[in-house]
Every structure is written in C-alpha cells, then in structure tokens.
Amino acid sequence: MKKTILFVILQQYADWEAAYISSAVSMLGQGKYEIKTVSLSKDAVLSIGGFKVLPNYDIASVPDDYEALILIGGMTWRSENTQPVKELAKDCFQKGKLLGGICDASAFLGTAGILNDVVHTSNDLNDLKQWAGSAYTGEAKYIPKQAVSDKNIITANGTAPMEFAKEILSALNVADKDKIAEWYNFHKLGYYTAPLPEM
C-alpha cells in the first residue's frame, strides 16, 4: 500500500520547489509513496512557470490517511483566502505528521503559531515577525539556515529547494541516507563535481 504525500499548491506556486521533491520520491522511493496535490478548490492551479495542475483534492476533501503535508512556496500565501490551509496545517501538526513549508509557505506556518516551539527558518525573520504578528513567538528558535528540520516540522527559505527536498526525503526515509546524499550531491554540485558513488 503506497503512502501519500500531499503537496499544497496555490495559484502562482513555485513549481521547481515541488519538482525536486516529487521527482526524488518517484526515483528513489521504489513505489513506496505517491504524490497528491491539494489546493483551495479543484479548479486548475497555474504555477509561476506556467504549468497547469488540476488538484487531486480541495481542502474539504483531503483524506485523513496521509504521511506528510508539504506547503509549496509561491506568490499567493499572503492572500486572505488561505485560512482553510491554516486549519489543515494545524491539524497535521497536532497529529504529529510531517509538515513542511518553503519560502513564503514557511512564514505562513508562523502565522498559524506552528513555529513557536520548534527550531525553524524562513526567508527573513523580520518579515516573518511582521506578517505573523502575535501568532508568532518563536524568534529565539529562528536560525538563518537554508533548511531546518525539528521534530515533525521542516522549513526552508526560497533559495533552498534542494536542501528542503533532502530534509523531506530523510525524514520520510524515502531511501537510505547514502542514496539521498548521492542524489543531493549530484543535483547540487553538478555532473562533473559531485563525488562518484562507491562501487
């Protein structure tokens, strides 16, 4: 039985942030996982790069049985109509499932009060504090790092899709740590500079 990873994508989502994770899950996961998409409705969602996706679920139809909820960054997280996603993220957090957010979606987790008791990162601490307001009290646990994993929460800034993907792959045990490191090094360092896998 395949385990489900849910990607939350909104209009003008950052398609490359989703692509690294989904392709690695498919290549390394040996059929253990399936990727499904969630949005505010089942209407087509258009990415920043122009890819059009028909979501598998709207917020109301999200299944209870999933392994991880990954919020993909983009240009729409600050819209007022994202409140239903906040409730979905809180539910995921309270159930102890893996929850990830990158770029503006990481700061969005701050607006839901989810980052207050975990080590985390985002694009900019001052912006996070200003946007999240009184819902965010986790400044002491903020670290300026590409990607951070603590408990069941993974956060990353918008320049860290590879690091974000690596943390998610590791947290879900998609493959053994050597395979994940090999995948990361190959895509991060390039064809000619990545270390060769040991034979």
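Which residue in E6 is the bridge partner of Phe7? In this predicted model, that partner is Ile70. The briefing below starts from strand E6 and its pairings, then turns to two buried residues, Thr37 and Asn152, and ends with the packing of helix H3 against helix H4.

**Strand E6 and its partners**

- Strand E6 spans residues 68–71 and is covered on both of its faces.
- Ala68 and Ile70 lie on one side of E6, Leu69 and Leu71 lie on the other, and all four are buried.
- In a regular strand, side chains point alternately to the two faces of the sheet.
- Strand E1, residues 3–8, pairs with E6 in the parallel sense through four bridges.
- Strand E7, residues 98–102, also runs parallel to E6, and four bridges join the two.
- Within the pairing with E7, Leu69 stands opposite Leu99.

**Thr37 in strand E2**

- Thr37 belongs to strand E2, which covers residues 33–39.
- The relative accessibility of Thr37 is 14%, and because the cut-off for a buried residue is under 20%, Thr37 counts as buried.
- Beyond its neighbours within four places in sequence, Thr37 is in contact with Phe7 and Ile9, and with the run Val53, Leu54, Pro55, Asn56 and Tyr57.
- Phe7, one of these contacts of Thr37, is the residue whose bridge partner in E6 is Ile70.
- The C-alpha atoms of Thr37 and Ile70 are 9.5 Å apart in space, with a separation of 33 residues in sequence.

**Asn152 in the loop between E8 and E9**

- Asn152 sits in the loop that lies between strand E8 (147–150) and strand E9 (153–156).
- With a relative accessibility of 14%, Asn152 counts as buried.
- Apart from residues up to four places away in sequence, Asn152 touches Cys92, Phe93, Gly96, Lys97, Leu98 and Leu99.
- Leu99, among the residues that Asn152 touches, is the E7 residue opposite Leu69.

**Packing of H3 against H4**

- Two packed helices are described by the angle and the distance between their axes.
- The axes of helix H3 (residues 104–111) and helix H4 (residues 125–132) come within 9 Å and cross at roughly 45°.
- That angle makes H3 oblique to H4, and the crossing is right-handed.
- On the H3 side, the contact involves Asp104, Ala107, Phe108, Gly110 and Thr111, which meet Asp127, Leu128, Trp131 and Ala132 of H4.
- By class, the residues in this contact of H3 with H4 are five nonpolar, two polar and two charged.

Technical notes
Residues numbered from 1 in each chain as written. Predicted model: local features only at pLDDT ≥ 70, side-chain atom pairs only at ≥ 80, totals over all residues. Heavy atoms only, no water. Axes fitted to C-alpha atoms, helices over the stretch in contact; angles between N-to-C directions. Parallel < 35°, antiparallel > 145°, perpendicular 65-115°, else oblique. Left-handed = near helix turned anticlockwise from the far one by under 90°. Contact = heavy atoms within 4.5 Å. Nonpolar A, V, L, I, M, F, W, Y, C, P; charged D, E, K, R; others polar. Buried < 20%, exposed > 50% of the residue type's maximum accessible area, 1.4 Å probe, protein only. Pairing = 2+ DSSP bridges.
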